[in-house]
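Q: Could you take a close look at a patch on the surface for me, and then walk me outward from there to other spots worth pausing at? I'm in my first year, so plain words please.

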Amino acid sequence: MAADSMEIDDSLYRQVFRQRYVLGDSAMQKMAQSSVFLSGMGGLGIEIAKNIVLAGIKTVTLHDTKQCEVWDLGTNFFIRQDDVFNQRKRVEAVFPRVVELNPYVHVEKSSSTLDDNTDLSFLRKYQCVILTEASLTLQKRVNEFCHSQEPPIRFISCSAHGICVRVFCDFGDEFEVSDPTGEEPKEIFIQSVTQGNPGVVTCMDNRPHGLQTGQSVLFREVNGMQELNGTARPVTVLSPHSFSIEDTSHLRPYAHGGFFVLVKTPKTFSFETMEKQLCDPQVLIPDFSKPEAPLQIHAAMLALDTFQEQQGRMPNIGCLQDAEVLVKLTEEVNGRLKNKAPVNTELVRCLSRTARGALPPLAAAVGGLASQEALKALTGKFSPLQQWFYLDAIELVRPLQSLSAEEFASRGDRYDGLRACIGESMCLELHKLRVFMVGCGAIGCEMLKNFALLGVGLAKCSGEVCITDPDLIEKSNLNRQFLFRPYHIQKPKSTTAASATLEINPELQVDAHLNKVCPATEGVYNDSFYSRLHLVVTALDNVEARRYVDSRSVSNQKALLDSGTMGTKGHTEIIVPGLTESYNSHRDPPEEEIPFCTLKSFPAVIEHTIQWARDKFESGFTQKPSTYNLFWQTHSSAEAVLQRMQARESLEGAFQVIKLLSRRPSQWEHCIILARLKFDKYFKKKALQLLHSFPLDTRLKDGSLFWQSPKRPPSPIEFNLKDSLHFTFVISMARLFAGIYNIPYCEKDQCEEGVARVLREVTVPEYKPSEKPIETDESAKKPDQMKLALSSEEEREAITQLEGAIAASHVSPEWLQLSPMQFEKDDDANGHMDFVASASALRARMYSIEAADRLKIKRIAGKIIPAIATATAAVAGLVALELIKVVGGYGFESFKNCFFNLAIPVVVFTETAPVKRTQIRDNISFSIWDRWTIYGQDAFTLSDFINAVKEKYGIEPTMVVHGVKMLYVPVMPGHNKRLKLTMHKLIKPSSERRYVDLTVSFASEVDDDEDLPGPPVRYYLQRGVDSEVP
C-alpha cells in the first residue's frame, strides 16, 4: 500500500486535500504510518471509526463482541435490518461499510474477548487504543498497560449513557506537540523599533499582532537595526499592537522596513493515568453558565459505573428505586473527590432514567471530538485534551420529567434507544416533521445521518425531508461527505445522499432537488412551499446563501438551524421565531480587501502575488472571452460595427474586443509567442517601468523613502527557457490561450525543444519608458476598462484593426466566438494551477517575496475552506440536539449556540441572542418576526392603504417603499398626488401575484429625529388570499 511509505499516493492527496490544509503533510504522513485499535461498535464507536478512516490512517482494527439488535438500527448508521434479521455480529456487519469509506486505509476486524483476564500484549503493535462501551475496570487496566509501554501507547476512552457523555485521554508522561494551535503565522510589518532596554516594537498601522507574552518572533528585512534579521526574540506584550524584545540599546538605530512572524515552538504535555485522575480530574468546561457541570457529571458517571458493576445492569427506565440508589452512589463518589461540586440530583435522576437509552446526535458530537483527539495522538499536531471532557443534554430532557414511565418504555423497534431519552410523544413529533435542508455537502451528509437515526420525516407519518443541492460529487468530497463513494463521482449530491440515507433508514421520506435556493428559484421555494414546513436547516459554505435562506425563513416564520466549519473550528446558531435574533441580525466584519494599487504594483506578501495571478486568469481567460462573445452576440456583424464606429458612434467595449480580434492567434506557435511576450510584460517591463517612475532614491513629501516597507522595489527578470519556472509559465499560458481560441495542440508541442525552436524566431520589443501615472492611492478602486472613454487615437486604431480583420476574412462566425474558461483548481491536467502557481512565483521572485508551495497557492487561489470530518460530525450532532428542542417547543433558556475549536481544544456553549423589539410608540413595538397585513382590492388607493394601516395598527405611515421603489415620500415632489392613485397602478404587479411586501416608516415623536422603521407590511391585492403564493 502507498501508505506504507513516507510518500503518500497523489490520488489520496486529491481525496483529502481540504484536510491537508487542516493537518499539513507531516501530520498526514504520520497518520499514514499509524495503527489504531478501536473497541465497541455502538453509536459512539462507529462515529469514531468513520472519522478516523476518512482521515486516512494506515490501519484500524475494529473490535466488538456483540450481536446486532433492532436497537442498533437507531444508533449505528452502518447496521441494516438484514444484519439484525440474520443475527450477524456488529463488527461483521459494519466492517465492509467502514472499508468502503477509504480504500487507502487497511481495516481489520476482531471479535475476540477483551476483558479483565485478556493478555494485552497484542496492543503493542498499535500507536493508539480507543475504548468505547468498556467497563471502568477494563478502561483502567488497558490504560495502565498503554501508559507503561515505551513509548507509551496513546489511550482514549469514551462513554455515552443517555444524556451524558465523557472522553478521557492519556498520551503518556511526555507528549510533544509540534503545533499547539494550528494557526498559520502571519507576517506583520514593523512601524518602528526603539533603541533601549527593552526595545519596543510597534506594528505598522496599529495592526494587532495577536501575540502572547513568552512567545518568540523571527525578524526579517529590517533596515538599520539589521542585527535583528534572522533572529528569534521572546516577546513581552505591551499592547495589542506593540511588544518589547529585550535589550536593543547596543544595536544600530532602526531605519525602516522589516516584518516579524511568530515562531512556532513545540510544547510538551504531561498526562496521568485514569486511576490517578479519577479522584482529582482535570476537566474542560464547555458551558460557563454551569461551570460545575463537568465535575457533577464526572461523579454521576462514576457512580453509574459502580451501579453497573454491582447490579450487572443499567438502571431501569423510570425506576425510582434505581434512581435513588444512583443518587446515593454519586454522593459517595463525590465525597472521595479532591475537587468537588455539589451533587446535582436532578442530573443524576435524569441520567438514571435515560442510561439505557442513546441520543445519536450526542454520540456524533462527542465522536467528532474524540476522533480529533485520536488524530492528535498519532500526529502530535494540536493541543490534546487534558484530560476529561464531559457533556450533558439535561436541557433536552428537563421538560419531560413529568411524563409517565410508559412514555419511555421499549416498543421493540429501532427508536427504543431514543425513546428511552425523549419519550414516545417526542419521537412521533420527529417522525411527522417536514424539514427543508439546503446543501448536501459535508454537514449535509452528517445531518441526513442524524435525521435517519432520529426518524425525522417518516413517510408513514406524513413527514418529509426535502433536500436540495445543485452540485455534483467530486473526488475531493469523499473524505468528509461520508455518504458518497468513488463510484458516485460526477453524480448529483442531493439524489445520491437521499439514496444513501434511505439505506440507513428506509422509513424516511426524502425529496431530493437539484436547485440553488436563491431569488431565481422563488417560484419553486415560494411561500406555499414554506407553509408546509416545520423548520429549515442550512448546510451551506457561504454567507450570502445563508443570509438569503435566513430572510426567507424569517419572512415565513420558520425556525432555522445553521452551522458551519473552518478546519477544526465550528459554530452552530439556533434561530427560533419570536424568541431569538436571526442570522441577518448580526454582521461579521467584511473581509479585508487587498488595495488595487497593492495588487497591481506594490505586493508585499505572497498572498498578494497569488491573488494577482488569480486575477490575471480571471481577466484574460474568463472575463475578456465572455465580453467578446457578448459583444458579437449583440452586434450583427463586423461590417455593421465598423460602420457605426466610422460614424463616430460610441460602442461600449468595442476597443477591447477589436484588440482581441486583431491579435487572435490561429495556431499553437502563436500561443507560445503570446505567452513569451506576456512574460516580458509582467516580469521585466513592469519592473523597469516602476523603477523609472519611482527610482530607488525617491522620497515622499515628508522626506521618507518611497521604497520602504511594506513597498518592495522590483527587480526585472530576464527570460531563460532553462529555468523551469519560466518554461512552466510559457507553456501553461500558451495552453490557456489555445483553450479560449479553440486551437488544437498535442503533447509533443509542449516539449522544451519545440518551444525553444518557436522562441528563437521571436523578437521581443525593447522596453520604452511610459509617462502614464502609476496608482499609489490605497483607496482607489480598479477602473472598469469597458467603460473608460476612448481617445481619438484609440478610436482610429480600433477602426484600422477592424478594417484589417475584415480584409483578412477574420470575421467569420468561428473568429467571432471564443471559449471562456472557469478556473478549476482540482484538475491538474488543465494547466490552470500551473499558470497561477508559476505566475505568482515569478512575481514573488521579482519582488523578493518568499515563495509559497503549490498547496498554499491552491488554497488561496481556489478560495478553499480547510475542512475535516471530525468538525463536521460535531456541528451536525450539536444542531440535531437543538432540532429536538425546536420540535418540542422548548423555551428560550433551553436553546444553546456553540463555538468550538477542536485543535486547542475549546468548546463553548452560549445562550442564543434574544429577539430585540423596536419601540415606535409607547404601546406599539415590533421585532423581526412581526409582520403586519393589509387586505386591499382593485380600487384601493395609496391613501386607503395609509388609512388602513392607521386604523388597524394605530399609527400613520410617513413613508411607503416597495423594494427599491419609493411609493410615497411626502417631501418628494409630486408624491402627495400619488395618494389618489390605486395601489395596482403604483406597484404594477404581475397578473399572478397575490401580494407584495412593503416597507413603511413612521414619524418620530421627537421633532427633527429621523423616521422610525416599521415591520414589513404584507399588502394583499385581493381579500382572502392569505395562503396564496406571491
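**A patch and its surroundings**

A: Let's start with the nonpolar surface patch: M966, V971 and M972 make it, and its area is about 290 Å². Keep in mind that this is a predicted model. One member of the patch, M966, sits in strand β30, which covers residues 965-968. Is M966 buried, exposed or partly exposed? M966 has a relative accessibility of 39%, and because the partly exposed class lies between the 20% and 50% limits, M966 counts as partly exposed.

There's a charged patch to look at too. K600, K624, R663, K681, K772 and K782 form a positive surface patch. Pick K782 out of that group and you'll find it in the loop between α25 (752-759) and α26. K782 has a relative accessible area of 55%, and exposed means over 50%, so K782 is exposed.

Follow α26 (792-807) along and you reach another loop, the one between α26 and α27 (832-846), which is where S809 has its place. The backbone at S809 deserves a second glance, since phi there is near 60°, a positive value in a residue other than glycine. Most residues other than glycine have a negative phi. S809 is exposed as well, with a relative accessible area of 53%.

S462 tells a similar story. Its phi is near 65°, again positive in a residue other than glycine. You'll find S462 in the loop between α15 (442-454) and β19 (464-468), and with a relative accessible area of 52% it is exposed.

While we're on the backbone, let's check the peptide bonds. Most peptide bonds are trans. Now look at E150 and P151: a cis peptide bond joins them, with omega about -5°. P151 is in the loop between α7 (136-148) and β5 (154-161). I904 and P905 are joined by a cis peptide bond too, and omega there is about -10°. P905 lies in the loop between β24 (896-901) and β25 (906-911).

Now for a part that's covered up. Which residues of strand β17 lie on each side? W388, Y390 and D392 are on one side, F389 and L391 are on the other, and all of these are buried, which leaves both faces of β17 covered. Put another way, five of the five residues in β17 (388-392) are buried.

β17 also has strand partners. Strand β6 (residues 164-170) is joined to β17 by five bridges, and the two run antiparallel. In that pairing, C164 stands opposite D392. Strand β16 (residues 283-284) pairs with β17 as well, over two bridges, but in the parallel sense. There, L284 stands opposite F389.

One last stop: Q611, which is found in helix α20 (residues 606-634). Is Q611 buried or exposed? Its relative accessibility is 18%, and buried means under 20%, so Q611 counts as buried. If you'd like a sense of distance, try Q611 and G162: these two are 449 residues apart along the chain, and their C-alpha atoms are separated by 50 Å.

Technical notes. Residues are numbered from 1 along each chain as its sequence is written. This is a predicted model: local features need pLDDT of at least 70, side-chain atom pairs count only at pLDDT 80 or more; totals for chains, interfaces and linings use all residues. Side-chain values use heavy atoms; hydrogens and water are left out. Patches are made of residues with over 30% relative accessible area and no salt bridge: like charges are joined within 9 Å, nonpolar side chains (Val, Leu, Ile, Met, Phe, Trp, Tyr) within 5 Å. Accessible areas come from the Shrake-Rupley method with a 1.4 Å probe; for residues, only the protein chains shown count as cover. A salt bridge is a side-chain nitrogen of Lys or Arg within 4 Å of a carboxyl oxygen of Asp or Glu. Helices (H or I, at least four residues) and strands (E, at least two) are DSSP runs, numbered from the N terminus. Buried means under 20% relative accessible area, exposed over 50%, partly exposed in between (1.4 Å probe, protein chains only). Lys and Arg count as positive and Asp and Glu as negative; His and the chain ends are not counted. The place of a charge is taken as NZ of Lys, CZ of Arg, CG of Asp or CD of Glu. Two strands pair if DSSP finds at least two bridges between them.
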